[in-house]
Every structure is written in structure tokens, then in C-alpha cells.
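I opened the model to see how far it can be trusted, how its chains meet and where its cores lie. My entries follow in the order in which I looked things up.

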Amino acid sequence: MSDLDDFKKTYFEECGELLDQLYAGLSGIAEARGDAETLNAVFRAVHSIKGGGGAFGFERLVSFAHAFEALLDMMRDGRVSATPAVAALLVRAADALSDLVDAARSGQEKPPGFEAELMAALQAAGGAAVAAKPRAETVRSESTGTVHYRIGFAPHADLFQRANDPLLLIRALKRLGAVTAEPDLTRLPDLAAIDPDLAYLAWTIRLATPAPRSAIEEVFEFAADDCDLSIEAEADADSTPQPAHADEAAAGKPASSTQPAAGRASHPEAAGEQPHSIRVDVEKVDRVVNLVGELVIS
Amino acid sequence: MISASPARCPAWSRKVAKRVIAVDDSKTMRDMVSITLRRAGFEVTVAEDGQKALSVLHGVQIDLVITDLNMPNLDGISLIRALRADPRHRVVPILMLTTEQDPARKAEGRAAGATGWLTKPFDPDKLVELAHRVCA
């Protein structure tokens, strides 16, 4: 990325300001006139240095800042108090952080172990395990052939509260391969009882994709806690994806389910079936509508 | 929650640029988010804390909010709560940009109404992909 150098320049300029804020706050804390906001400002300074450093892959800087920040966080929570010894440790940590920033800027690495002792001291002062957290591991699948997945996706009623939307998830799945989606209308109440803020439809989605299973899981990453999800690879490919008319069927069904509210038992056989899940061809819907039309006329 | 059918979405989303607000007290982060997303065709506004974001968003519709959590004046969690309480922003997708991998932090964000999260350091491609994924 050609802007990377610009970003770095901005970052290091910002680091300068943040370090100034850090030292100003720390001297307040050392003189015991630091209030909660001073501590917050100090925390944010370290936190921002860490955040930006992470974006550029300055690993040493980030893991040191992480240990630093962890201690400050415990001080914010009142788990560790600002004794003179702790205040002095913070100033030393700020010096080391400043050195690590310089090292990152100049590209001249500090000798190995430069920050090790101080990091141990920060962790000891916190008294808790604040070891650097493991980086997110990348999962790679060696599968290359197309796999047919059957995905059971039953959103909890409050899925929409966090602006997650089945339509968007299905759309994201379509980027992975051919998709058919069947809505399950079992939970759909009468029109009058529908709360538009709640999710009622559950879905059975068939996806044929060469992408690894983790790619599917990633699509549902944010919705995972707001739904019941099952992802199964299907043994054979007999369920070749067909054109997805499911959306139209879903849109059409609620309208037709208003019929019982009219109170006329015009199609008793439909009432006896109690379908739990339907998948209707648009042509069939047309035919039903025509038939009902003829019934009404006659 | 029935909107345009999936097949039609890409067509109109190409025509109308999605509007994003990037909220972060770090200029580096604001720049990185906004340049990355502008390249991908989004229209990006920035704000340096929750308070500023709320005043920018007062009376304005937005398609996506990307917010840091630790910020002065009004932090990310409070910003998310304030947006969810506003009828105009009740259903806007909100991504939290965070250095924490802490599940408790994510849970707090979720409880406040965040749509999803992105862990710093973020991968620009991932940011773009997520922005497309959560934007209607």
C-alpha cells in the first residue's frame, strides 16, 4: 500500500503527542494529584500507541504496550493502587515505550530482552496473568472440490436488534457459491400479531462451494450468538441448487396467511396439512391465486 | 425486514455510495479506515469521539458506523447505546474496532447493540469485506 508511509508518518507524529500526554498524566499520578480522568487519559495514550502499532505490525511495541495497558486498566478498576513504587514503575515503562517507538520509527531494533525485565515487573505489579494474547490463528483447509452444505439457520427473535439481517447473510453466502434458501414459516404468527422488529423466519440453506467450512462460519460470525446454526456437509450432490425463488415465496406467504383472519373456511384441506416448512414454485403460487380468484367469482 | 432481493442488491449498491462514519480518537486509525473504505467506493465521514459522532449524526442518516471503544468524552459502548436509542439509527449496522480480543468486551458491545467487531490490527481487505457484508 503506497499510503503506508504516510500512515506511519502520521502514526509517529501522533505517538509524540501521545507520549507527551502520557508523561504529563504520569507526573500527575506521581504527585498524587491524578484523578480518574488522568488515569483514563494515560490509559488511552498507551492504548492508542498500541492500536496504531498493531496496524503496522510492530510486535514488540504492541506486546509491551499491552502489558503496560493491562496494569493501567487494573489501576482504573481500583485493583491496583498508585503507590509511589507503582508510579515510578509507570514512568520507567513510559521511557521504555518511548524507546520502542523510536526503535520502530528508525527501524533499529532494540537488543533482544531490552524490555523483558520491565514487562515482568509490570505483570508482577498487576499480579495477574497478562501475558500477550495469542494471535488469531488462521485456519486453512486443503479441500479444493465443491462441497454441498446444508445450513440450518434459525435466528433468535432479537436478531434484528443488532442490525444483523438474514438477507445480508444469505447474500454473503452467495459470494461463496450457488445458494438456495428455503424459509421455514412455522414461527410466523398471524399478521396482526407480527412485531416487525422480531425475526420469525428460519432458513434451510443449501450451498455448493469450494470454500472451506470456516468461510461459512465466518459469514455467520456476528450472528452466531443470535441464532441456532448448523452446518453439515451433505454426502451426495443430489440437491443441486435451483433458482432461488425462496425470497419471493417468503414475501408472498405472509400475505396469504392473512386469509384465515377473514374467517372464511374456503380451503379446508390446506388447514389440515399444517406444513412446517414450504418451498413453493412461483408458478404454483400463481395457480393457487387464480384458483382462489375463480372460487370467489363462482 | 424484507428489502430488495439479493440478486438486485449489487446493482443499486454500486450506484449509491454507502455512507460510513469512522469514530476513533486516533488520527492514524481514522485515516486508515477512511482511506481503505474510500478506495472501496464508500463515502466516509470521521469523528474523533462518541460525542462528536453523535453531533455529526444528529438528523443525518448513515449506512454504517465503525467505532473504537476507548475514547474520551463519550466512549464507544455509550455511543452504541445512544445510537440504538435513536429511532433514526436503531437499525444501522455498527462495527466496533477494538484491540481487545476479550470476549467480555465483545459481549458488552453486543449487549449495547453492536452488529459485529473487527480486531486491530485490521486487514484492509477484511474491513472492506465486512463493510459490504453488514451494509444493506
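**Entry 1: confidence.** I began with a weak stretch of this predicted model. Over residues 237–271 of chain A the pLDDT stays under 50, and the model has 39 contacts there beyond four places in sequence. I then took the chain as a whole: chain A has a mean pLDDT of 78, and 78% of its residues reach 70 or more. A second stretch, residues 128–143 of chain A, has pLDDT below 50, with eleven contacts beyond near neighbours in sequence. I noted a rule for myself: where pLDDT is low, the predicted coordinates should not be read in detail.

Which elements of chain A have the lowest and the highest mean pLDDT? I found helix α8 (residues 246–256) of chain A lowest, at 45, and helix α4 (residues 84–106) of chain A highest, at 92.

**Entry 2: layout of chain A.** I counted ten helices and four strands in chain A. Along the sequence I read the pattern α-α-α-α-α-β-α-β-β-α-β-α-α-α. Of the 298 residues in chain A, 27% are buried. I also looked at contacts in chain A between residues at least 6 apart in sequence, and 77% of them join residues at least 24 apart.

**Entry 3: helix α6 of chain A.** Is helix α6 (residues 166–174) of chain A largely enclosed or largely open? Seven of its nine residues are buried, so the rest of the structure largely encloses α6(A). I listed the buried ones as Pro166(A), Leu168(A), Leu169(A), Ile170(A), Arg171(A), Ala172(A) and Leu173(A).

**Entry 4: cores.** I looked up the largest nonpolar core, which has 57 residues. Ile205(A), Val20(B), Ile21(B), Val65(B) and Ile66(B) touch the most other members. Its largest share, five residues, comes from α6(A). I followed Ile21(B) further: leaving aside neighbours within four places in sequence, Ile21(B) is in contact with Thr45(B), Ala47(B), Ala53(B), Val56(B), Leu57(B), Ile62(B) and Val65(B). Apart from this core lies another, of 32 residues, and I noted Cys15(A), Val46(A), Val62(A) and Ala70(A) among them.

**Entry 5: where the chains meet.** I found 32 residues of chain B in contact with 32 residues of chain A. On the chain B side, α2 and α6 (124–134) each supply at least two residues, and α2(B) gives the largest share, six residues. By class, I sorted that side of chain B into 16 nonpolar, ten polar and six charged residues.

**Entry 6: two helices of chain B.** I stayed with these two helices. At what angle do α2(B) and α6(B) pack? The angle is about 65°, with the axes 10 Å apart, and the crossing is right-handed. I saw Val33(B), Thr36(B) and Leu37(B) of α2(B) meet Pro124(B), Leu127(B), Val128(B) and Ala131(B) of α6(B). I counted six nonpolar residues, one polar and no charged ones in this contact.

**Entry 7: Thr36(B).** I picked out one residue of helix α2 (residues 27–39) of chain B, Thr36(B). How many other C-beta atoms lie within 10 Å of Thr36(B)? I got 22; the cut-off for buried is 20 or more, so Thr36(B) is buried. Not counting residues up to four places away in sequence, Thr36(B) touches Pro124(B), Leu127(B) and Val128(B). Thr36(B) and Val128(B) are 92 residues apart in sequence, yet their C-alpha atoms are 7.4 Å apart in space.

Note on methods. Residues are numbered from 1 along each chain as its sequence is written. Chains are lettered from A and ligands numbered from 1 in the order in which they are written. This is a predicted model: local features need pLDDT of at least 70, side-chain atom pairs count only at pLDDT 80 or more; totals for chains, interfaces and linings use all residues. A residue is buried if 20 or more other C-beta atoms lie within 10 Å of its own, exposed if 12 or fewer, and partly exposed in between; C-beta atoms are placed from the backbone. pLDDT is the predictor's confidence in each residue, from 0 to 100. Two residues are in contact if their C-beta atoms, placed from the backbone, lie within 7 Å. Ala, Val, Leu, Ile, Met, Phe, Trp, Tyr, Cys and Pro count as nonpolar, Asp, Glu, Lys and Arg as charged, and the others, Gly among them, as polar. Axes are lines fitted to C-alpha atoms, for helices over the stretch in contact, and angles run from 0 to 180 degrees between N-to-C directions. A crossing is left-handed if the near helix is turned anticlockwise from the far one by less than a right angle, and right-handed if clockwise. A nonpolar core is a set of buried Ala, Val, Leu, Ile, Met, Phe, Trp, Tyr and Cys residues joined through C-beta atoms within 7 Å.
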